Amino acid sequence: MAANGRGLRRAMSASPCLAWRRAHWEAKGRLKPEYDAVVIGAGHNGLVAAAYLQRLGVNTAIFERRHVIGGAAVTEEIIPGFKFSRASYLLSLLRPRIYTDLELKKHGLRLHLRNPYSFTPMLEEGTGSKVPRSLLLGTDMVGNQKQIAQFSQKDAKAFPKYEAFMNRLALAIDPLLDAAPVDVEAFWRGSLLQRLKSLSTLMPLLQAGRILGVQLPQYYQVLTAPITKVLNQWFESEPLKATLATDAVIGAMASPHTPGSGYVLLHHVMGGLEGVQGAWGYVEGGMGALSDAIASSATSHGASIFTEKAVAKVQVSSGGRVQGVVLQDGSEVKSKVVLSNASPQITFLKLTPQEWLPEEFVERISQLDTQSPVTKINVAVNRLPNFLAAPNAARGQPMPHHQCSIHLNCEDTALLHQAFEDALDGRPSHRPMIELCIPSSLDPTLAPPGCHVISLFTQYTPYTLAGGKVWDEQEKNAYADKVFDCIEAYAPGFKASVVGRDILIPPDLERIFGLPGGNIFHCAMGLDQLYFSRPVPLHAGYRCPLQGLYLCGSGAHPGGGVMGAAGRNAAHVVFGDLKSM
């Protein structure tokens, strides 16, 4: 502990303006009065869109409201010496083509892949001196089966078949992520040329159908059924089912019993890193380092990025076409097109003059489901958590389970459902679902020597509390204390190790990061708000009713997660339109 204390004191006395932190990405030279394209918001999708456009020769500027780029993919030193991935915290879904096209490795992106990747400790009383059981999953299938066999031999035998089944579905969905949805209106009502062009958008759907083949009805059930129904057909042991079910409800105001929760699970298992399917990892330096790498790629080709330059409104010509933006300080910036990385609600209800949008479109946008159950808590600790189910090594160095997503209060799907029902009543969950990650277990650059940063992704917390209560500091701290009490039960001594914490309830996520209702996906990932219908039907191809305005963020197809697909796809749609102008 002496070494820990020295490292912590050094960090606390250091200047908060460290070299790693790129607080300002001011472009070289002054703000120009005109660009070919303007991007609203320097979240990862906006950065990706700008990087692709600039590479295609489209002179592009990005305007970011905050002092730091990245949107929710950001690294911030909230507690001196501790660097947090303050909102998003893991990487897997980033499209492989973006990784290679933008040469992110060349621009400094370094990854730490996790193996094992999932750890679910049990709370088991009455076991005497026995260590409580736990479920540790990784890339070694034989090892996974041995772990699962603690709870069910039948499930251990079924697990490889389940994995193969889900991987096939992920393979089928994959082509749909890298293309705009089918343009149904052009296909049925467009000119002959438009109809011919729209035929190409059918290819990913046809490809998906070929991959799934005669099993298509079974896969359809996965996408539409409650995840409990799907998992009950495969498994009998609750610890395994509950662990898998967490990926079906994470970030969603949904229970494992909610129809359609299967797709959210798929959304979280269809990624991969460095050629390893399904792999999740930590970005060295935190998620902000990913945003920095994308920004570096964009600016190396001439893109301009301006921080602390909030866009106040989209400018529209008298002829009904976008002609640029007006910044909060009154500056006018002309452009041929505007891409918005902001949510659909901010883009169309706040930034766009309402007279240029159809009433029905505005109404649909205002009715989007943005419910969020998430409270993110970032914690600085002076030692690793010591779990009863997996005691620490003598010297306190990280062990394999410390690099995992550690699932707490997840031994049974009934626990997850009860936590959801608490929130439906307007109350924070009595036993919240907790995903605990320790990125510093693999990346020691994030914390002082001997210390660690911990990410707590917790749910369910309603945006609005019942009984006339409000989310004041007392309520926020009461909820965080409840979360810490839960962790303490699994890892005694956790509370005593805490140096500081940063609590982000749904209204905080909305205020700081522009996430409507605190929703990490901009709007819910239900089947009624996906593909043809994201954000709304007939406007799922990144264009909107106002000519020259495009959506390129998580509220567009294919949705949320640090994927970059919406930014890349939107950039290609925009480039095609610019060529035809």
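**Figure 1. Contacts of Pro239 in the predicted model.** Leaving out residues up to four places away in sequence, Pro239 touches Met122, Leu135, Phe151, Cys410 and Glu411. The structure shown here and in the following views is a predicted model. Pro239 belongs to helix H11, which comprises residues 238-249. Of the residues in contact, Glu411 is separated from Pro239 by 172 residues in sequence, yet the C-alpha atoms of the two lie 4.5 Å apart in space. The relative accessible area of Pro239 is 11%, so this residue is classed as buried, the limit for that class being under 20%.

**Figure 2. Surroundings of Ser441 in the loop between strands E17 and E18.** Strand E17 covers residues 433-437 and strand E18 covers residues 452-459, with Ser441 placed in the loop that lies between them. A polar atom of the Ser441 side chain is found 2.6 Å from the backbone oxygen of Ile438. When neighbours within four places in sequence are set aside, Ser441 is in contact with Pro398, His402, Gln403 and His452. The relative accessibility of Ser441 is 12%, and the residue therefore counts as buried.

**Figure 3. Lining of the largest cavity.** Three cavities of 30 Å³ or more are counted in the model, and the largest has a volume of about 50 Å³. Its lining is made up of Lys83, Phe84, Ser85, Tyr89, Asn378, Pro439, Leu446, Val453, Ile454 and Ser455. Strand E4 (82-85) and strand E18 are the elements that each contribute two or more residues to this lining. Sorted by class, the lining of the largest cavity holds six nonpolar residues, three polar residues and one charged residue.

**Figure 4. Lining of the second largest cavity.** The second largest cavity encloses about 50 Å³ of space. The residues lining the second largest cavity are Phe348, Phe361, Arg534, Pro535, His539, Tyr542, Arg543, Leu551 and Ala556. By class, this lining divides into six nonpolar residues, one polar residue and two charged residues. Among the nonpolar residues are Phe348, Phe361 and Leu551, while Arg534 and Arg543 fall in the charged class.

Notes
Residues are numbered from 1 along each chain as its sequence is written. This is a predicted model: local features need pLDDT of at least 70, side-chain atom pairs count only at pLDDT 80 or more; totals for chains, interfaces and linings use all residues. Side-chain values use heavy atoms; hydrogens and water are left out. Helices (H or I, at least four residues) and strands (E, at least two) are DSSP runs, numbered from the N terminus. Buried means under 20% relative accessible area, exposed over 50%, partly exposed in between (1.4 Å probe, protein chains only). Contact means heavy atoms within 4.5 Å. A polar contact is a pair of N or O atoms within 3.5 Å; within protein, one must be able to donate a hydrogen and the other to accept it, and residues adjacent in sequence count only if both atoms are side-chain atoms. On a 1 Å grid over the protein atoms alone, a cavity is a set of points where a 1.4 Å probe fits but cannot get out, and a pocket is an open set with protein on both sides within 12 Å along at least five of seven lines; lining residues have an atom within 4 Å of a point. Grid points are joined across faces, edges and corners, and a volume is the space filled by probe spheres set on the points.
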